[in-house]
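Q: I would like a close look at one part of this model, worked through from the pairing of its strands outward. Please keep to what can be computed from the coordinates or read from a record.

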Amino acid sequence: MPDSAHDTYDHLISLLDSSSVDYRLIDHEPEGSTEAVCALRGHPASEAAKCIVLRVKVDRRTTRHVLAVVPGDRRVDLDAVRTLFAARYVGFSDPETAERLARAVPGTVLPFSFDPDLELVADPDVLDRPKLYFNAARLDRSLLISGADYERLAKPRVERIAGPAEG
């Protein structure tokens with residue numbers, strides 16, 4: 001899916017440049033794991049945006065896809081997402097669907113949705129970060145932006161969806 005990932009990266013940079021947002025690109029060794037890439041970038045995991053594509057079964061006939069964004073040192077609270085959508089089931093999307101909707105390979109999913117079928121929901125703790133890091137649709141390049149600028153550009157639905165720290 002290299003062409004799509006390249007397009008997603010270009011779309012992101014174009015959005016940032018046209019919005020006059022302060023951001024910084026950070027080149028590093030290819031890495032998609034939150035903990036490992038945080039170490040490469042030199043910041044705590046709490047300053048990272050962890051992005052997970054979820055499959056939300058509202059009822060037998062209705063399936064929605066949600067891009068959940070939580071702090072890197074936390075996990076997505078699937079029960080909170082299920083309650084939020086009054087759903088019967090919430091789970092992780094299969095890799096093919098996640099790649100298609102996020103327009104990026106696992107480990108490079110942006111905290112932005114460029115697909116109308118992928119609803120963006122961010123935990124408020126992500127938006128409160130003065131520094132927010134995430135892979136920029138590439139395993140070898142990350143982006144730093146403020147949580148406030150992220151919220152202004154991405155326009156996520158803001159809901160408490162982060163569970164306790166992993167461990």
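What joins strand 2 to strand 3, and through how many residues?

A: This is a predicted model. A hairpin makes the connection, and five residues lead from strand 2 to strand 3. Strand 2 covers residues 49–57, and seven of its nine residues are buried. Its pairing with strand 3, residues 63–71, is antiparallel and extends over nine bridges. Within that pairing, Ile52 lies opposite Ala68 of strand 3.

Strand 2 also pairs with strand 5, residues 89–92; these two run antiparallel and are joined by four bridges. Here Lys57 has Tyr89 of strand 5 as its bridge partner. Backbone hydrogen bonds are what pair the strands of a sheet, whether parallel or antiparallel.

Strand 2 also holds a cysteine to consider, Cys51. No disulfides are found in a search of the whole structure. Cys38 is in none, and the nearest cysteine sulfur to its own belongs to Cys51, 11 Å away. A disulfide would need the two sulfur atoms within 2.5 Å. Cys51 is likewise in no disulfide, with the sulfur of Cys38 as its nearest cysteine sulfur at 11 Å. Both residues are buried: Cys38 has a relative accessible area of 3%, and Cys51 has one of 14%. Each value counts as buried because the cut-off is under 20%.

A further sheet can be described in the same terms. Three strands form an open sheet in the order 1-8-7, with antiparallel pairing. Strand 1 (24–27) and strand 7 (132–135) are at the edges, each with a single partner strand, so each has one side without a neighbour in the sheet. From one strand to the next, the twist averages 25°. Strand 1 and strand 8, residues 141–145, run antiparallel and share four bridges. One pair of bridge partners is Ile26 with Ser142 in strand 8.

Two helices pack on this sheet. Helix 2, residues 34–41, touches strand 1, strand 7 and strand 8, and its direction makes about 115° with that of strand 7. Helix 6, residues 147–154, touches strand 7 and strand 8, with its direction at about 100° to that of strand 8.

As for the record, an unreviewed UniProt entry places the feature "domain: YbaK/aminoacyl-tRNA synthetase-associated" at residues 28–153. Over those residues the chain is 27% helix and 31% strand, and the end C-alpha atoms are 25 Å apart.

Notes: Residues are numbered from 1 along each chain as its sequence is written. This is a predicted model: local features need pLDDT of at least 70, side-chain atom pairs count only at pLDDT 80 or more; totals for chains, interfaces and linings use all residues. Side-chain values use heavy atoms; hydrogens and water are left out. Buried means under 20% relative accessible area, exposed over 50%, partly exposed in between (1.4 Å probe, protein chains only). Two strands pair if DSSP finds at least two bridges between them. Axes are lines fitted to C-alpha atoms, for helices over the stretch in contact, and angles run from 0 to 180 degrees between N-to-C directions. Contact means heavy atoms within 4.5 Å. UniProt positions are given in the numbering used here, feature names are shortened, and annotations may be inferred rather than shown by experiment.
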